[in-house]
Every structure is written in structure tokens, then in C-alpha cells.
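Work through the following exercises with the sequence and the structure beside you. Try each task before you read its solution.

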Amino acid sequence: MSSADIYRELILDYYRNPRNFGKLEKFDIDAHDTNPLCGDEVDMQIRVGPDSKIEEIKFTGKGCAISLASASMLTELAKGKQLEWVKQVSKADILKMLGNPDLGPSRIKCALLGMKVLKTGVYGYMGSHYEDPDGSDSMR
Amino acid sequence: MLQTEPLDVEKIRPDFPILQRKVHGKRLVYLDNAATTQKPRQVIDALVDYYSRYNSNVHRSVHTLGEEATEAYESSRERVARFVGAAPRGLVFVRGTTEASNLVRFAWGEKFVKPGDTLVTTMMEHHSNIVPWQLLAKAKGAKLRFVGLLPGGVLDLAQLEDALRESPRMIAVTHCSNVLGTINDVAKVCSMAKKAGATTFVDGAQAVPHMPVDVQAIGCDFYAFSGHKMLGPTGIGALVGRRELLSEMEPFQGGGEMIREVFQDHSTWNDVPHKFEAGTVNIADSIALGAAVDYLDGLGMTRVRNHELALLKYSTEVLSMVKGFKDYGPQDLAMRAGVISFNLADIHPHDLATILDEEGVAIRSGNHCAQPLVTWLGVPATSRASFCVYNSEDDIDALKAALGKAEKVFKV
């Protein structure tokens, strides 16, 4: 797969015009993480509805096209879903969402940063702790 | 060989087996030399030769292999020391520059740093010349102060002057920035520091591989560098120190080799530098570092510097023509090593490095283990191309072409 495939129109579009970018005035969840390898940063804020649904979600961050597009697309996917849904989201789901780009071990961390932030926030809100199975901390 | 004669890159390249390899079907254009350099056959052979002919422990065994290994190890120490103008007995083999600064943090810091002291570093340092001093300051109740930079990425000597009024215990400064390539006038910094009574630690990791270095002329107390950035193996480097100071310091790690006598209630220490080389040392890599130094000596460091300066001039000319190219290094190339930190339009460096890799072009992207500096630049990250003896104008042309490809992919 070439970079033209990785950086498809869709990813570039979300990089330059990220959806759900910004801060919420009222939120129940606020999570943050960084990828020290490249300095990527993602913050997510979520307002939870009475039925444990993700009523509103926004993110801010700085980083590469893959990390920002991935975080942005994930917020769109998560909006309106039950918090339980977040627990089920997998690496494979994220890669599928991005169009299954061929990413090496270091770039895959960029793609998964948004998911890590989302899960960390939701697990914390639900009173548990998210253990990253891929150990993306291993690069630190 | 005259030091004015240019390097013959076509003769040098066949010495580096890795340069034959293809990446994504393309010729490897290796421009990540500030991270680590490739190794010539002579260095690889030195490793193979040691393990296949005379592998043995040093300073212990009196049999033939032991004597040969000890001789090769100590001969390497002499050549590496001479390469930077140091006395062999003032050169401690360490894992690399990071271990050198940590050795000083413990062995020197334990004895000489007191509560309320000030330690000084700068805004252009690698994390290995910041974090050990943060830890030391915290452990000792001392303060760490940063000297800032002037626009263009050079040290603000007025700020240094100001910091020196506090009579700091130490000044830790890089000889050459791994991000901007800025070459600091470390002789001047050390003389200023000396007048203020401060001990000086110079990080030479990016200088020793790329220019003539003479620690006596610099006048520093400590000077550190890494083997793997100067054509040598990973896991080996050197800390050069003034011998009186090294003698006064506490040991770093305790164990075999570093002791003179061991009793149940106390021990006495071996002479410098062995006092700081506890346990079985990294014999093979030390010997191979000697081979790397021989290789660089054979080329001549003035010629190496001139070669990389010429490449830097060519690159800044050629790359400045690329639309959206921004170079962060000092404009005065005479005070800059062969390093270009840059950004291209709105393409994040990490994305850029991925696209360049497909063209066989290896660069570094990120904060280069120098977060305070990259923050000071006001960008999340930069891309960095850095040169070595085997790079040529062809490599710069390949970089330029790959940047064009990236602009196409990103529709800049």
C-alpha cells in the first residue's frame, strides 16, 4: 500500500477539517493522552445522557493526519452510542474506520490514540481502569 | 591526505554494507544520522574479529586471550581519547552520552551539589542533558535554571551571564544542537563558567562525529559522546573528565573492577578511570569504537566537517526552493552542523516521514528528545535531515524529489 492509499482524500479531509473539534461547556468525562514518540496529543470531552448514551462529544488535539483524522472520525462514530459500546470498540474497528491503511508498529499508535483517550475516559467514568492491551506505553 | 582535499564519497560508500540495501524497492537515502549513523565494514569486522579470535575478559585473565583483549581495550581507550584531545586515563567508557550525564549526576552530584545550589542548562538541550540535572536538583534540594535562546536558535549569552551571577554549581551545555545543528562556542561558555566557579559538562554527541574536537581547547570539566553516532556500535560511548575531578568523585556503580580492596565493612577504589567501570565492561563495542575512530581519523575531521558544510549549503539552497519549506536552523551555516530541521506546509512531520520512507528516504520526525527546544520553536514537531560522511548531493536531490511527492499526496 502506498502513501497515496494511506492518505486518502477522507483522511486529509478530516485532518484539515476535523469534525467535532472543540471543547464542551458542560461535560461529564474529560480525558487526555499523548504519544511521546511524535508529540501527538488528544483531549476528549463527553456529556453523558440519562440513558448512559454519549449525548455530546468533542475533541481537541495536535498531531499528524492519522491521529487527528482517527480521533475525529471516532467522535462521529461514538456520538449517540451507549457507553458500553466504547468498551467493545477494537483496534480492528478503528483500522476499518480508517480504510485499513497499512501502518507500521509506530504509526499504528497514531491511529489508536483517539480510541485510547476515549476508552480511558469512559472506563474512568464507569469506575474502572482501562488497561491498554497493546501497551502503547511501551514506547516511552 | 591534505585536510583541504574533499572527501571522495564514491570511495567511502562501499565501506558501508547497509547502503546497498533497498527500501520499498528504492535506493536507501539515509538522512537520520543525528539519531544514529551507519557502520563501516571496518567497525563490523572489529566486532567479528574480537568474538571470533580473542574474546576474553579484560584486566583479569593472564592467559593469551585475556592479554590480547586487555591490550585491544586499552589501546582503543587511547585512540578514542586522543581523537578528542583528552588524556587516556581521563576517559571512562560508558554506554553513551546519557549514561555519561547520569554518571556525573550521581558520582559528582553526590559529592559536590548542596541544598540551595543552582544548576544551569539551556533551552537547546537533548533530554539527556536536562532530565539528569532535574533529578539531581530534586534529590539535593537544588534549583535548575535554563538559559534561553535568541531568535535564530543561538544561545543567549546575556542570559548565561545573568545566570552566572548566581554562582551556579554547574553549567551543562551542548556542543552542537541535535535539532537545529547550532554549534555553540563552548570554549567561551566554559571560560565564562570557570570565572564564575561553575563545573562544566559539555554534551558532544552531535559534535565529535562531525568536526574536529579538542577538549583541552574547550577547557571543560566533563565532555561526553556516544559511539553509535560516530560510525561505532550502540551501547558504547565515553565520558572525558579532568582527572583531579574524577579522582575526587564518588564511584558510580559498585562491583568488580572498580575496587582496589574489599573488606567486610568497607572498600577502597581503583584508580581513575577504572573506578567508574564496574563489572565486566563492554569490551567488544569499546574495541569497535576504536575502529570507528581510526576510520574517521583516516578521513580527517576537518575534511569531514568541510564535506558536511558543503552538503548543508547545497541543501539549504535546493530545499529553500521547495514551496512551503521552512528551515528552523541558524542562517549562519558556519556555526551549524549538517542538520536541517524543517516543516513542509501543513504536513505533520510524522506523515512526512512516512511518505519519504516510501521513496527510500530516511529522516527523523518528532521532538527529537528536545521538547523544550521544539516548544520554543512554537511547533508540535519538526522533520529533521542530518548528514554523515557517506551522504552526497544525490541524497539531497532524492530528498527534494520525495518532498515534492509528499506535497502531491497532501495536495499542498
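**Exercise 1.** State how many residues of chain B are in contact with chain A, and describe which elements and kinds of residue make up that side.

*Solution.* Begin with the rule that two residues are in contact if their C-beta atoms, placed from the backbone, lie within 7 Å. By this rule, 14 residues of chain B are in contact with 16 residues of chain A. Next, look for the elements of chain B that give two or more residues to this side, which are helix 12 (349–358) and strand 18 (364–366); helices (H or I, at least four residues) and strands (E, at least two) are DSSP runs, numbered from the N terminus. Helix 12 of chain B gives the most, with five residues. Finally, sort the residues of chain B on this side into five nonpolar, six polar and three charged, where Ala, Val, Leu, Ile, Met, Phe, Trp, Tyr, Cys and Pro count as nonpolar, Asp, Glu, Lys and Arg as charged, and the others, Gly among them, as polar.

Before going on, note that this is a predicted model, in which local features need pLDDT of at least 70 and side-chain atom pairs count only at pLDDT 80 or more, while totals for chains, interfaces and linings use all residues. Residues are numbered from 1 along each chain as its sequence is written, and chains are lettered from A and ligands numbered from 1 in the order in which they are written.

**Exercise 2.** Decide whether strand 5 of chain B is enclosed or open, and find its partner strands.

*Solution.* First apply the burial rule: a residue is buried if 20 or more other C-beta atoms lie within 10 Å of its own, exposed if 12 or fewer, and partly exposed in between, with C-beta atoms placed from the backbone. Four of the five residues of strand 5 (residues 118–122) of chain B are buried, so this strand is largely enclosed by the rest of the structure.

Then turn to the pairing, for which DSSP must find at least two bridges between two strands. Strand 5 of chain B runs parallel to strand 6 (residues 143–147) of chain B, and five bridges join them; here Val120(B) stands opposite Arg145(B). Strand 5 of chain B also pairs in the parallel sense with strand 9 (residues 170–174) of chain B over two bridges, and in that pairing Leu119(B) has Met170(B) as its bridge partner.

**Exercise 3.** Give the order of the strands in the open sheet of four strands in chain B, and explain what is special about its edges.

*Solution.* The order is 15-16-19-18 in chain B, and the pairing is antiparallel. At the edges stand strand 15 (325–327) and strand 18 of chain B, each with a single partner strand, so one side of each is left without a neighbour in the sheet. Inside this order, strand 16 (residues 339–344) and strand 19 (residues 382–386) of chain B are joined by four bridges, and Val339(B) stands opposite Ser386(B).

**Exercise 4.** Check whether the length of helix 11 of chain B agrees with the expected span, and find what covers its buried residues.

*Solution.* The expected span of a helix is 1.5 Å times one less than its number of residues. For the 19 residues of helix 11 of chain B this gives 27 Å, and the end C-alpha atoms are 26 Å apart, which agrees. Among the buried residues of this helix are Val304(B), His307(B), Leu311(B) and Leu312(B). Their cover includes helix 10 (283–299), strand 16 and helix 14 (393–409) of chain B.

Tyr314(B), also found in helix 11 of chain B, is partly exposed, with 14 other C-beta atoms within 10 Å. Leaving aside its neighbours within four places in sequence, Tyr314(B) is in contact with Glu393(B) and Ile396(B).

**Exercise 5.** Which of the terms buried, partly exposed and exposed applies to Leu231(B), to Ala345(B) and to Gly197(B)?

*Solution.* Leu231(B), in the loop between strand 11 (222–226) and strand 12 (237–241) of chain B, counts as buried, with 28 C-beta neighbours inside 10 Å. Ala345(B), in the loop between strand 16 and helix 12 of chain B, is partly exposed, with 16 other C-beta atoms within 10 Å. Gly197(B), in the loop between helix 7 (186–195) and strand 10 (199–203) of chain B, counts as exposed, with 10 C-beta neighbours inside 10 Å.
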